[in-house]
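The following exercises concern the packing of helices, the pairing of strands and the contact between chains. Each task is followed by a worked solution.

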Amino acid sequence: MNQEPLIRVRGLTNRFGQHSVHEDLDLDLYPREILGVVGGSGTGKSVLLRSIVGLLQPSAGRIEVFGEDLQRLSTQDRSRVERRFGVLFQRGALFTSLTLQENVALPLIEHIGLTRADAEALARVKLALAGLPGESATQYPAELSGGMIKRAALARALALDPEVLFLDEPTAGLDPIAAAAFDRLILTLRDALGLSVFLVTHDLDTLYAACDRVAVLSRGRVLVADRIDVVEDTDDAWIHDYFHGPRGRAAHLAAYPAEES
Amino acid sequence: MTERPAHPSAGTLLQEGGTLSPRGDWTLSHYAALRRELGRCPRHAWAAAIDLTGLGALDTAGAALLAELVGAQRLAEIDRWAPDLPATRRALLRTLGEAMAHRESSALRPSRPLIDTLARTGQLVEGFWQQQRLLLGFMGQVLATLAATAWRPNRWRLTAMVAQLHQTGLNALPIVALLTFLVGAVVAFLGATVLRDFGATIYTVNLVAFAFLREFGVLLAAILLAGRTASAFTAQLGAMKANEELDAIRTLGIDPVEVLVLPRVLAMMLTLPILSFVGMLSGILGGALVCLLALDISLIQFLAILQRDIPLNHFLVGLAKAPLFAFLVAVIGCLEGFKVSGSAQSVGEHTTSSVVQSIFVVILLDAVAALFFMEMGW
């Protein structure tokens with residue numbers, strides 16, 4: 001990767017009281033790549049995501065997004081940059097009082113100033129793009145299954161045609177079939193829309209199926225960030241347990257069935 | 001994302017001969033203008049040949065417009081008719097075309113305002129009926145559980161009940177006392193103003209005492225608890241329901257009515273009479289203060305009139321209503337909590353509903369009781 005990174009995190013430190021989550025963490029996200037971020041519970045994967053999208057003020061460090069330092073921008077410029085982000089929260093975070101198409105249409109009406117009819121027509125396109133059937137557009141989030149909520153939340157994240165998509169455990173709580181479909185959906189969207197994807201996950205299958213690079217978070221920093229075959233051979237106890245445990249082996253075999261012999 | 005050309009330009013749609021050629025940036029920021037342009041373009045031209053080579057930046061919004069222009073199915077087959085476009089652009093158009101073609105096959109139901117209104121009205125009426133049935137059933141369930149546990153002291157949830165007594169009773173004491181005190185003063189002022197014309201200001205004492213012993217003490221306390229406690233019950237149980245805690249309790253073989261509802265209902269039935277009593281005292285105190293300051297009726301005189309004119313049965317009639325009100329308010333609060341369905345919005349809706357219902361029931365029942373006691377001459 002000799003391109004300029006879209007997102008450049010340097011020396012990021014996050015402390016909550018005495019407890020330090022990140023200590024001098026560096027990470028890059030390049031254009032059109034899917035970066036998987038893994039790590040044990042409590043290694044600050046979600047905190048990293050929240051720091052990058054600006055929901056959390058880091059204790060120290062620089063986060064450059066599209067070549068600009070987010071913390072130094074005025075509120076207006078920040079909002080302009082943040083519009084180029086799409087975020088899928090862990091539990092969807094759909095607005096419960098709005099139907100799906102209203103959920104997706106909201107940023108279109110607020111930011112682009114489309115009329116309601118136009119915005120909802122476009123919202124239905126995005127919902128279809130995320131793989132939801134047409135009749136779900138007028139349903140409320142409470143009427144949907146977990147997988148459909150994830151898809152609808154993805155449609156909302158895609159509403160403003162973002163350049164970077166942040167996904168926080170997108171396949172958690174989905175059955176394996178729905179999770180595999182979601183992996184494929186993300187790959188298709190990346191290829192079609194040229195997105196860069198920052199994907200926080202626990203799902204080994206997703207790592208093998210969808211990710212171009214994998215970053216491993218441990219002890220407050222990025223241990224390694226590289227292609228998955230490089231990462232799984234890294235000499236570290238946690239990485240070894242993670243990738244060479246029974247689940248890791250199964251996911252590896254599913255991804256590279258030829259090596260079974 | 002979108003490939004940005006050197007010179008960004010607003011998207012347009014050119015018609016040259018029989019060919020449509022979209023030019024410039026077909027992106028979200030030009031969506032409204034492009035949409036207007038599409039509206040101006042005559043329909044018969046839509047099926048014409050299309051030349052995509054002049055297209056600048058393109059995103060999903062622009063692609064959706066293109067899909068409208070040429071048809072989703074045709075866009076999905078873009079590899080066939082425009083193979084020289086860049087692969088990423090074809091991928092975008094193909095993906096979107098496929099998604100929209102799939103959606104078109106499952107069309108939306110057209111809305112019918114008149115029938116929808118009728119259906120909604122019917123739904124509301126039936127919902128109201130169901131609600132009343134449910135409430136009656138739930139009351140029965142609570143009473144049956146109470147009867148079943150009453151003889152088994154080892155299943156009394158004393159700790160839970162004491163905690164509820166603390167929350168619904170002790171914590172509500174100051175606000176009940178303050179409000180009834182103020183209302184007592186107001187009633188005394190009203191009495192003084194009206195009775196002054198008849199030279200009968202002394203009867204202000206009777207007015208305040210009658211009003212608070214029979215009605216206001218218990219009514220104000222019940223309304224306050226409806227607003228303060230019924231809503232709390234709904235929110236507590238609703239949050240537990242949303243978090244599947246109620247289901248967990250059931251799967252552990254424990255009856256949620258026994259562990260959650262009974263302590264709340266019993267605590268409420270104990271506290272409301274006490275709060276009503278406090279409300280009566282404090283209302284009469286407010287009245288006495290106004291009598292002392294505005295009408296020069298001394299406290300001793302006030303008490304003497306009270307003792308001479310007001311028989312005990314007024315106090316009993318007032319207090320007798322308290323346990324009934326308490327039962328209804330608590331049961332409505334708990335039932336609304338059980339009816340919460342998952343979302344945060346649902347918790348809010350049912351909390352509102354429980355307050356409205358319990359205040360309604362309290363006032364309605366009080367009116368009926370007033371009528372009944374009057375006819376009975378109590």
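**Exercise 1. Helix packing in chain B**

Helix α8 (residues 173-196) of chain B packs against helix α11 (residues 256-294) of chain B with axes 7 Å apart and an angle of about 40°. The model is predicted: local features need pLDDT of at least 70, side-chain atom pairs count only at pLDDT 80 or more, and totals for chains, interfaces and linings use all residues. Residues are numbered from 1 along each chain as its sequence is written, while chains are lettered from A and ligands numbered from 1 in the order in which they are written.

Task: Classify the packing of α8(B) with α11(B), then that of α9(B) with α14(B).

Solution.
Step 1. Two packed helices are described by the angle between their axes and the distance between the axes. Axes are lines fitted to C-alpha atoms, for helices over the stretch in contact, and angles run from 0 to 180 degrees between N-to-C directions. Helices (H or I, at least four residues) and strands (E, at least two) are DSSP runs, numbered from the N terminus.
Step 2. An angle of about 40° makes α8(B) oblique to α11(B); angles under 35 degrees count as roughly parallel, over 145 as roughly antiparallel, 65 to 115 as roughly perpendicular and the rest as oblique. The crossing of α8(B) and α11(B) is right-handed, the near helix being turned clockwise from the far one by less than a right angle.
Step 3. The contact of α8(B) with α11(B) comprises 19 nonpolar, seven polar and no charged residues. Here Ala, Val, Leu, Ile, Met, Phe, Trp, Tyr, Cys and Pro count as nonpolar, Asp, Glu, Lys and Arg as charged, and the others, Gly among them, as polar.
Step 4. For helix α9 (residues 204-242) and helix α14 (residues 344-376) of chain B, the axes come within 8 Å and cross at roughly 155°. α9(B) is therefore roughly antiparallel to α14(B). Their crossing is right-handed, and the contact holds 13 nonpolar, eight polar and two charged residues.

**Exercise 2. A sheet in chain A**

Task: State the strand order of the six-stranded open sheet of chain A, and determine whether the residues of β8(A) are buried or exposed.

Solution.
Step 1. The order is β6-β7-β8-β3-β9-β10, with mixed pairing; two strands pair if DSSP finds at least two bridges between them. β6 (85-88) and β10 (221-226) of chain A each have a single partner strand and stand at the edges, so one side of each lacks a neighbour in the sheet. The twist averages 15° from one strand to the next.
Step 2. Strand β8 (residues 196-200) of chain A runs parallel to strand β7 (residues 164-168), joined by five bridges, and A:L165 has A:V197 as its bridge partner. Strand β3 (residues 34-39) of chain A is also parallel to β8(A), through four bridges, with A:V37 opposite A:V200.
Step 3. Five of the five residues of β8(A) are buried, that is, 20 or more other C-beta atoms, placed from the backbone, lie within 10 Å of their own (exposed: 12 or fewer; partly exposed: in between). A:S196, A:F198 and A:V200 lie on one side, and A:V197 and A:L199 on the other.
Step 4. Strand β9 (residues 213-218) of chain A pairs with β10(A) in the antiparallel sense over five bridges, and A:S218 stands opposite A:R221.

**Exercise 3. The contact between the chains**

Task: Which element gives the largest share of the side of chain A that touches chain B?

Solution.
Step 1. 24 residues of chain A are in contact with 29 residues of chain B, contact requiring C-beta atoms, placed from the backbone, within 7 Å.
Step 2. α4 (116-129) and α6 (176-193) of chain A are the elements that give two or more residues to this side. The largest share, seven residues, comes from α4(A).
Step 3. By class, this side of chain A has 12 nonpolar, five polar and seven charged residues.

Terms used
Two residues are in contact if their C-beta atoms, placed from the backbone, lie within 7 Å.
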